[in-house]
Amino acid sequence: MMRTYRLLAVLLPFCGSCVVTSKRIDPTSELAEAKVRPGITILLGDSIQLIRGKRIGLLTNQTGINERGVSDIDLLREKKARDAAVNLVQLFSPEHGLRGTEDRTNIASGIDAKSGLPVYSLYGQQTMAPPDSLLRNLDALVFDLQDIGTRTWTYVGAMVYSMRASARVRKPIIVLDRPNPITGYIIEGPTLDSSLANPNDPAPGRPGQAYALWPVPLRHGMTIGELALYFNDVLKIHADLHVVPMVGWRRDVWFDLTGLPWVKPSPNMPDIHSAMLYPGLVAFEATNLSVGRGTPEAFQRIGAPWLNAAATVAMLRDREIPGVRFFNETFTPVNPGDGKYPGQPIPGIKIVVINRSAMQAARVGASLLWAINKTSGGKLTIQNRDFDLRFGSPSVREALLRGDDPDVLIDKEYRSAYAFREATRQYLIYK
């Protein structure tokens, strides 16, 4: 059965290479057709005045590197050796820790063995803000983490909490921009239901939701610097925010075309192929299905001992979903971080992207839920609220489980995605 699908692909010209603050955008040059230079490179060159003479804290991890793969920590320490006015004194780490190897909660603070600097973990039972007491001893906080282009990524929450903490103690926060790895060209998927959103800091008896902050489409089409400008405004944070942009990036550029080295932003994000499908599969972490954690291709497959993979694949192939193909397979999770089916060969479905510009991850995820529910024989279990916090829409989940057509449901979601793009147009830095 052949279908015609609506694909949202909006290229919005704005500013090329800019120096951006929370109040203004000052063009400095035209966007170059060249390899991408990330915000850390621009900071240490054209924008060094933002940190010169200041005691700096740095919130980063293994993704905070320049175009040659040298870490921000090493770059700032080398800069200090040449220019004593640059003084990195504290490190802060997000979920997965400073080196990105931890796949658990309650990551401890400590000393970074390589640099000798104190590391303050911002990930206990959940993502937390930097303590005000630590920020008061700094002159500015620098933030450099790789976003993945999906609403559910906790590094954006860490940024919002850090912006709010910096505003409380009246310290500048400097966000170093990086590419959206799955482009800033396409936005899609359910917008998070406003009844589920929580942008507030965690507090005793009131957990935060670093992965479900605000009514944003599943795939938001913004860089982390653009999101900083947006959230500073819409949440009325009023941080003294400075976004240091990249040079050489365009909205339609995928990460593997930037010339930048891919560093796993989390233990279960091995490559850009996982990043492409992650928006559609992340909600299945709230089910009794494995998303391939504990395999080399997490978020590129889904499976469970009870899954009728052959029947499900047949249904999915009949829908001819753009940009992807589905295949039966058996896979074995090894020490999976989610604890699902360790050491057990399980029936699975492999999702292969054959046209990433046509592939809509939310449509893939919706179709998977629809088909698996039809073939599961009642064995599929879902933690409804946790699923909804990730996929974004209780009504869409309920309709899919009733058997409603996933294409019709996802098509309806594009209205809110278009509205979000229009609402965020003023915060976009890149063409």
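Helix α9 has as its buried residues Phe387, Asp388, Leu389, Arg390 and Phe391, and in this predicted model those buried residues pack against β9 (188–191), β10 (217–219), α8, α10 (394–402) and α11 (406–424). The helix is followed by Gly392, whose phi is positive, near 115°. Arg390 of this buried set also belongs to the residues that lie nearest the centre of the largest pocket, and the points below take up that pocket, the nonpolar cores, and several individual residues.

**The largest pocket and helix α4**

- The largest pocket, with a volume of about 780 Å³, has a lining of 33 residues, of which Glu95, Tyr123, Glu285, Arg293 and Arg390 lie nearest its centre.
- Two elements, α4 (154–168) and α9 (384–391), give two or more residues each to the lining of this pocket.
- Helix α4 is largely enclosed by the rest of the structure, because 13 of its 15 residues are buried.
- The end C-alpha atoms of α4 are 21 Å apart, which agrees with the 21 Å that 15 residues should span at 1.5 Å a residue.
- Just after α4, the backbone of Arg170 adopts a positive phi of about 60°.

**Nonpolar cores**

- The largest nonpolar core holds 103 residues, and the members that touch the most others are Met159, Val175, Phe231, Leu241, Phe326 and Leu368.
- Helix α8 (residues 361–375) contributes the most to this core, supplying nine residues.
- Apart from this core lies another one, of 24 residues, which includes Leu91, Leu117, Ala140 and Val247.
- When residues up to four places away in sequence are not counted, Met159 touches Phe143, Val175, Ile224, Leu227 and Ala228.
- As general background, nonpolar side chains in soluble globular proteins tend to be buried together.

**Helix α8 and Ser367**

- Since 13 of the 15 residues of α8 are buried, this helix is largely enclosed by the rest of the structure.
- The length of α8 also agrees with expectation, in that its 15 residues should span 21 Å at 1.5 Å a residue and its end C-alpha atoms are 21 Å apart.
- Just after α8 comes Gly377, with a positive phi of about 65°.
- Ser367 sits in helix α8 and is buried, because its relative accessible area of 0% falls under the 20% cut-off.
- A polar atom of the Ser367 side chain lies 2.8 Å from the backbone oxygen of Arg363.
- Once neighbours within four places in sequence are left aside, the contacts of Ser367 are with Leu316, Arg319, Ile321 and Pro406.

**Met315 of helix α7**

- Met315 is placed in helix α7 (residues 309–319), and at 22% relative accessibility it counts as partly exposed, because that value lies between the limits of 20% and 50%.
- Although Met315 and Ala371 are 56 residues apart along the chain, their C-alpha atoms are separated by 6.5 Å.
- With neighbours within four places in sequence left aside, Met315 is in contact with Trp370, Ala371, Lys374 and Thr375.

**Gly303 of strand β12**

- Gly303 belongs to strand β12 (residues 301–303) and counts as buried, with a relative accessibility of 0%.
- Not counting residues up to four places away in sequence, Gly303 touches Leu289, Ser290, Phe331, Tyr341, Ile346, Pro347 and Gly348.
- Gly303 and Ala165 are 138 residues apart in sequence, and their C-alpha atoms are 41 Å apart in space.

**Positive phi outside glycine**

- Asn106 is not a glycine, yet it has a positive phi of about 55°; this residue is found in the loop between β4 (86–93) and β5 (110–111), where it counts as partly exposed at 43% relative accessibility.
- Phe299, a residue other than glycine, likewise has a positive phi, near 65°; its place is in the loop between α6 (272–281) and β12, and at 1% relative accessibility Phe299 counts as buried.

Definitions and conventions:
Residues numbered from 1 in each chain as written. Predicted model: local features only at pLDDT ≥ 70, side-chain atom pairs only at ≥ 80, totals over all residues. Heavy atoms only, no water. Core = buried A, V, L, I, M, F, W, Y, C linked by side-chain atoms within 4.5 Å. Buried < 20%, exposed > 50% of the residue type's maximum accessible area, 1.4 Å probe, protein only. Helix = DSSP H or I, 4+ residues; strand = E, 2+ residues; numbered from the N terminus. Contact = heavy atoms within 4.5 Å. Expected span 1.5 Å × (residues − 1). Polar contact = N/O pair within 3.5 Å; in protein donor to acceptor, adjacent residues only side chain to side chain. 1 Å grid on protein atoms, 1.4 Å probe; cavity = no way out; pocket = protein on both sides within 12 Å on 5 of 7 lines; lining within 4 Å. Points joined across faces, edges and corners; volume = space filled by probe spheres on them.
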